[in-house]
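Dear colleague,

I am handing over the structure below, and after it you will find notes on what a computed survey of the atoms turned up. Please read the notes with the model open beside you.

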Amino acid sequence: MTFDLRETRAPAEREADLMARLPGLIAQARTAPGWARILGDVDPAAVDTRAALARLPVTRKADLKALQQQDRPFGGLTSTPARQLRRICMSPGPIFDAEGRAADWWRFARPLYAAGVRPGGLLQNCFSYHFTPAAFMVESAAALIGCTVIPAGSGQTELQVQAMAELRPDTYVGTPSFLKLIVEKAREMGADIGSVQHALLSAEALPDSLRQWFVDHGIAHVCQAYASADAGAIAYETRTGGKLNPGMVLDEEIILEIVRPGSGEPVPEGEVGEVVLTVFNPDYPLIRFATGDLSAVLTDVPPSPCGRTNTRIRGWLGRADQTTKVRGMFVHPSQVHEVARRHPQLGKVRLVVTGTIADETMTLHCEVDDPSGPADGIVTTIREVTKLRGEVRLVARGSLPNDGKVIDDARDYR
């Protein structure tokens, strides 16, 4: 069962709808001074395809702090004045996060519903209510669904166990690590928290071993949500007949691109790269917003048994910012991309740093049609761009791993 019929639209219908709405989103974003600066003289009417979207500049999450210091509190990226919002949250940095007044503003109802939350349910919300927005994502979504919330927040593990034992919630929402602490504390106290059969986990990685640990300890239905304080819900896992379906389903209000880390260049479908989002949000529109997370579109799989037809991604696969320091100089993924850009014959590239600190070797592995060809020009470009000496190794196309790494720090730190 799906949250609504939009989740089951034909993919072509969804794509046509998103592209038809895209010029309006660009026009709306340009009413915010920050986006007006970023987008410059872009004609919104001309941005009605993915190819046109891919020509727009990327704005990185890592840039938010600097943007917000220039233009308080949101870097000029919101189209609703700060004092007309419902909340202003603050993440570490500090980074200020906006929340508008619309119902389920963060679009978190879909992940909750996919995890088994239903009208009349009881949910223990263990995200923090202190400054950050995660708890409020859950609150607004639960209100839309018609689920009652225990506002437990984070910490005070014994009280968490007591609330579960006495109030008998059916769902936990929070981080995986905190749920594990609660389960362990309940076993230590001899408390029965077996009413919790559903868990929606986010904000941390969930290894398969930990997921199985929860199942072994009585929490039968465990799902993940991928969300952020700026974009809201991005993607979520689904289940059919108690079985987890492959991948994470993309939210209906998002255009996803997977790009080469350090660039805005989309990678071939299925290749690991950085998650870039365009989010249809009337208060806080995001245009080609680079999250800093790695993922990949799930390919060569049958339609999801749950009936949802949107694009699925592999989930969180690591961080895209692979900046490292070599011989006292920072080397950034954007510099590796610039080297490759200057040599169009190169395909995928990967800078591998080996050796030990102060005695390292920097080698650019480059996919090419003819690995026996010359590499002298590339060596020169590496020095020009990074101000460091580097070697080059030419390899056949398809040789480099599909893991999103642009810089691989393989030094021995022992």
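Val331, Val336, Val339, Leu351, Leu364, Ile382 and Thr386 line the second largest cavity, where a cavity is a set of points, on a 1 Å grid over the protein atoms alone, at which a 1.4 Å probe fits but cannot get out, and lining residues have an atom within 4 Å of a point. This cavity holds about 50 Å³ of space, a volume being the space filled by probe spheres set on the grid points, which are joined across faces, edges and corners. Helix H10 (333–341) and helix H11 (376–386) each supply at least two residues of that lining; helices (H or I, at least four residues) and strands (E, at least two) are DSSP runs numbered from the N terminus. By class, the lining comprises 6 nonpolar residues, 1 polar and no charged, with Ala, Val, Leu, Ile, Met, Phe, Trp, Tyr, Cys and Pro counted as nonpolar, Asp, Glu, Lys and Arg as charged, and the others, Gly among them, as polar.

Please keep in mind that this is a predicted model, in which local features need pLDDT of at least 70 and side-chain atom pairs count only at pLDDT 80 or more, while totals for chains, interfaces and linings use all residues. Residues are numbered from 1 along each chain as its sequence is written, and side-chain values use heavy atoms, with hydrogens and water left out.

The search of the whole structure finds 2 cavities of 30 Å³ or more, and the largest has a volume of about 70 Å³. Its lining includes Arg260, Pro261, Val272, Lys348 and Asp403, and by class it has 5 nonpolar, 2 polar and 5 charged residues. At least three residues of this lining come from each of domain 1 (6–317) and domain 2 (324–409), the bounds being those of an automatic or database domain assignment.

The centres of these two domains, taken over C-alpha atoms, are 34 Å apart. Their contact (heavy atoms within 4.5 Å) takes 10 residues from domain 1 and 8 residues from domain 2. About 710 Å² is buried between them, with carbon and sulfur atoms giving 60% of that area; buried area here is the accessible area (1.4 Å probe) that two parts lose on being put together, summed over both. On the domain 1 side, Pro261, Gly262 and Val272 lose the most area to domain 2, together 49% of what that side buries. Pro261 and Val272 also belong to the lining of the largest cavity.

Across this interface the rule for salt bridges (a side-chain nitrogen of Lys or Arg within 4 Å of a carboxyl oxygen of Asp or Glu) finds 0, whereas the count by this rule comes to 32 salt bridges. One of the pairs is Lys185 with Glu188, whose closest N and O atoms are 3.2 Å apart. These two residues are separated by about one helical turn because they are 3 residues apart in helix H8 (residues 176–189).

Some backbone features may also deserve your attention. A cis peptide bond with omega of about -10° joins Arg72 and Pro73, and Pro73 is placed in the loop between helix H4 (64–70) and strand E2 (87–91). The bond from Gly93 to Pro94 is cis as well, with omega near -5°, and Pro94 lies in the loop between E2 and strand E3 (95–99). Arg107, in the loop between E3 and helix H5 (109–114), has a positive phi, near 60°.

With kind regards

Terms used: On a 1 Å grid over the protein atoms alone, a cavity is a set of points where a 1.4 Å probe fits but cannot get out, and a pocket is an open set with protein on both sides within 12 Å along at least five of seven lines; lining residues have an atom within 4 Å of a point.
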